[in-house]
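I have opened a new page for this structure and will jot down what I look up as I go. Have a look along with me.

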Amino acid sequence: MYASVIVQISSKNVDRLYTYKIPDHLKDKIQPGSRVFVSFGPRMIQGFVIEVSQHTDLDPSKIKEIQKVMDIEPVLTKELIELSKKLADYYVERHIKVIEAILPAALKMKSKSVLKLSNEASLEAVNQFKQFHNDKINVKNLTMDDLKLLIPFINSKDIYEEKEFEQHTKMKTRRGIESNYLDARPSSRAVKQIELLELVENKGPMTYESIEEEGYSIGIINALVDKGFCKKIDILVERDPFEGRVFYEDKKKVLTDEQARAFKAINQSIQNNTHETFLLHGITGSGKTEVYLQVIEEVLNRGENAIMMVPEIALTPQMVNRFKSRFGDDVAVMHSMLSHGERYDEWRKIREGRARISIGARSNVFAPFDNIGCIIIDEEHESTYKQNERPYYHAREVAKWRAEYFNCPLILGSATPSLESYARSEVNVYKRLELTKRPTNQTLPTPEIVSMSKEREAGNTSIISRNLDMKIRDRIEKDEQMILLLNRRGYANFLVCQNCGHVPMCPNCDISLTYHKSNASLMCHYCAYEEPMPHACGVCGEHDLSLRGTGTQKIEEVLRDTYNVDIVRMDIDTTRQKGAHEKLLKQFEEESVPILLGTQMIAKGLDFKNVTLVGVLNADTILNLPDYRANERTFQLLTQVSGRAGRGDIKGEVVYQTYNEDHYAIQLAKNNNYREFFLREMEFRKLARYSPYYFHILFTVSSENIEDVIKASSDVHKEIQNHVSKSSIIIGPSPSPIERIQNKYRFQIILKYKSEPELFDVLHKLDTKYSINYQKTKTALRIDVDPEYIM
DNA sequence: AGCACGCCGACT
DNA sequence: GTCGGCGTGCTC
């Protein structure tokens, strides 16, 4: 028996299968998907079995044996292995990288070097070794002087080096006891001991904590152990990220006609075991979640599993709570803020069948269920579903492949679907289901557009228009709450010298530095470069520096000064800590803080009954980005954030402040006319030959040397040109919108194509060429298939 | 990725 | 003559 193994070395050179012999004693333990330990060249490494076969054409003398199997159950299912191959091919990625993305990081191996004394060591070596008071020495802890003393013995083989491997994350254990199940009992006078012994025998092994909770002291435990009735053991415990939280039961709701129609259509696909993609297009507050919940219930009833995707789990605590309340312990939560260990625990719950629903962000699409009954992607248009580092996969695409494999429905939900998905529903590739009403019959608020240029003309230079100011004061007076959105973090956008016009720039990137007041510094949002706020202009030396543009930090101050009320601010800077999102939202809700101010992270999914006003302070920030999806993103953001208002009994109001009051993205968001926006935007996409009319691939060449970048990008261009048909369009090479990041110059090429069956072979060849040449030239080529941002 | 092999220049 | 630079090639 032979196993084809992919080794855990992330290099293009070894990105292929290696054949190992399966020793007899491991025959029944090794399957495709097993994590194994093999000798590779001079060292031992971890690998994954991809195939098992009876024969091999290789020279038998070359084949080594598998050393060890790491898990009882294979970590990858057959389906996940197939999926990993497909992903590696489509996203031009090495197979092992994809496998690493599929599995929790905790399964990576960490090795350390230790020194050990050989059996035939000389007396001198033994004496030297004794200085370190251990039977093995961790090389990491040695000083240079220590090493100098030991090296002669290593050379003479008295002391040898060994690599020790440990799981990145250990399973968490607690001290506890287990009964030895003796027939004998403690003496009848030791009442407490007898009680505890019986408890442990009935319940099985118990941790010290749980025993103490039952009211028995450490003394009783020790007595049982001393007399031999019980033994001390380590008990595996699961880390529970939701420890201490109480979930209230969430009752199943009666569906509206529209919801019921949607449910019925999806249920049909579930019952018939057919794959179908549904686009659940429902206005904000139309009760998409209730449809999801009932669909999942149906799937669970059939003994199948469900994957629930949310854009960013930290931002949707209300959704998670609702799932936990409805389905209890059946839910595993894949949280980006979880520690490696916690993530691994949740993963094991799924793999071992102890959880039946998995809810989480992007990587949750790889939840290792072996019997998926439905996959739901909420807010399917969100760009966070696309990973912006390697591998550059899109969770929507992965979900589609998995749903096809399991013959189950894929449900894409959104109030503002991506143009791609809606376009597919227009031609019936996806089945569209519409929810046009809110179940509680609250009407959607009608946003007002305030022209900021007119405000300026009228002499109002504040960032708050007179109209919005009036509404804010009104809400404060009535004790109602409001959400204000400013899509720009930091204090001021940039600093400018009034005298010479100089703007401090990042020395590593072609971007102006952002002023952060909290630490009185200028920061680069691209490379984390930071310098203290200067007192004088670095060019002309004048002290006439002025702050331009406004970030959330500054607005917070302005609001506090103007209205003299409490404010909850949510942006990357205030939510970096674990649990910060929840804490801030809880504060907003429970303490009735009048204003929630934040960047786009506050636009999604929040449901607060007392919020009656939403203000978008600058609707143009995204609109002005050099990206063809800028209109779409603006429309989506405005629609999403408007949906936060008027979720209670009082009708909500929404204000958009903008300098582009006539822009169709803003006008149509105001009228809540998705369809009209779709048609308008499709015209533009068709003319400019963008997605969904064409597929895109973004090539980015980067290097510290600009000449190398120019040379390499023209080479890439030529290579693509030679291998695509006339119907494809190649744009560039041209400098990327941000020409330099972290001291690297960047050029990009955009390929637009409709069908190029042989393209992917060429892409893999290009990738191989550049990754192998990288050592020499330091010129990197990044290939992003279906890019989410073209910048 | 990491390591051995091998071919050139600079030095004891 | 030998030490060490790093280009090349290989790992079942």
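**Entry 1: Thr621**

I began with Thr621, which is in contact (heavy atoms within 4.5 Å) with Asn487 and Arg488, once its neighbours within four places in sequence are left aside. Before going on, I noted that this is a predicted model, in which local features need pLDDT of at least 70, side-chain atom pairs count only at pLDDT 80 or more, and totals for chains, interfaces and linings use all residues. I also noted that residues are numbered from 1 along each chain as its sequence is written, that chains are lettered from A and ligands numbered from 1 in the order in which they are written, and that side-chain values use heavy atoms, with hydrogens and water left out.

I found Thr621 in the loop between strand S28 (611-616) and helix H18 (630-642). For these names, helices (H or I, at least four residues) and strands (E, at least two) are DSSP runs, numbered from the N terminus. Is Thr621 buried or exposed? Thr621 is buried, at a relative accessible area of 18%. The scale I use calls a residue buried under 20% relative accessible area, exposed over 50%, and partly exposed in between (1.4 Å probe, protein chains only). I also saw the side chain of Thr621 reach the backbone oxygen of Asn618 at 3.5 Å.

**Entry 2: four cysteines**

Next I checked the UniProt record, an unreviewed entry, which places the feature "binding site" at Cys497, Cys500, Cys537 and Cys540. UniProt positions are given in the numbering used here, feature names are shortened, and annotations may be inferred rather than shown by experiment. These cysteines span 44 residues in sequence, but no two of their C-alpha atoms are more than 8.6 Å apart, so they gather at one spot.

I looked at two of them in turn. Cys497 lies in strand S21 (residues 494-497) and counts as buried at 2% relative accessibility. Beyond its neighbours within four places in sequence, Cys497 is in contact with His502, Cys537, Cys540, Asp544 and Leu545. Cys540 sits in the loop between strand S24 (530-532) and strand S25 (545-548), and its 30% relative accessibility makes it partly exposed. With the same neighbours set aside, Cys540 is in contact with Cys497, Asn499 and Cys500.

**Entry 3: DNA strand C**

Which residues come nearest to DNA strand C? Of the 13 residues around this strand, they are Val14, Thr19, Gly41, Lys62 and Lys64. Sugar and phosphate make up 45% of the atoms of DNA strand C that come within 4 Å of the protein. A residue is near a molecule or strand here if one of its heavy atoms lies within 4 Å of it.

I then listed some N and O distances. A backbone N or O atom of Thr19 is 2.6 Å from a base oxygen of DNA strand C. A polar side-chain atom of Lys64 lies 2.5 Å from a phosphate oxygen of DNA strand C, and a polar backbone atom of Ser39 is 3.4 Å from a phosphate oxygen.

Strand S2 (17-21) and strand S3 (35-40) each supply at least two residues of the surface near DNA strand C. The largest share, three residues, comes from S2.

**Entry 4: helix H11**

I turned to helix H11 (residues 340-351), whose twelve residues reach 16 Å from first C-alpha to last, close to the 16 Å expected at 1.5 Å a residue. That expected span is 1.5 Å times one less than the number of residues. Eleven of the twelve residues of H11 are buried, so the helix is largely enclosed by the rest of the structure. Among the buried ones I noted Tyr344, Trp347 and Ile350. Just after H11, Gly353 takes a positive phi of about 80 degrees.

**Entry 5: backbone oddments**

Where are the cis peptide bonds I wrote down? One runs from Arg390 to Pro391, with omega near -10 degrees, and Pro391 lies in the loop between strand S16 (372-378) and helix H12 (395-406). Another joins Ser691 and Pro692, with omega about 5 degrees; Pro692 is in the loop between helix H20 (674-687) and strand S30 (695-703).

Arg689 is found in that loop between H20 and S30 as well. Arg689 has a positive phi of about 55 degrees although it is not a glycine, and it counts as partly exposed at 40% relative accessibility.

Key:
A polar contact is a pair of N or O atoms within 3.5 Å; within protein, one must be able to donate a hydrogen and the other to accept it, and residues adjacent in sequence count only if both atoms are side-chain atoms.
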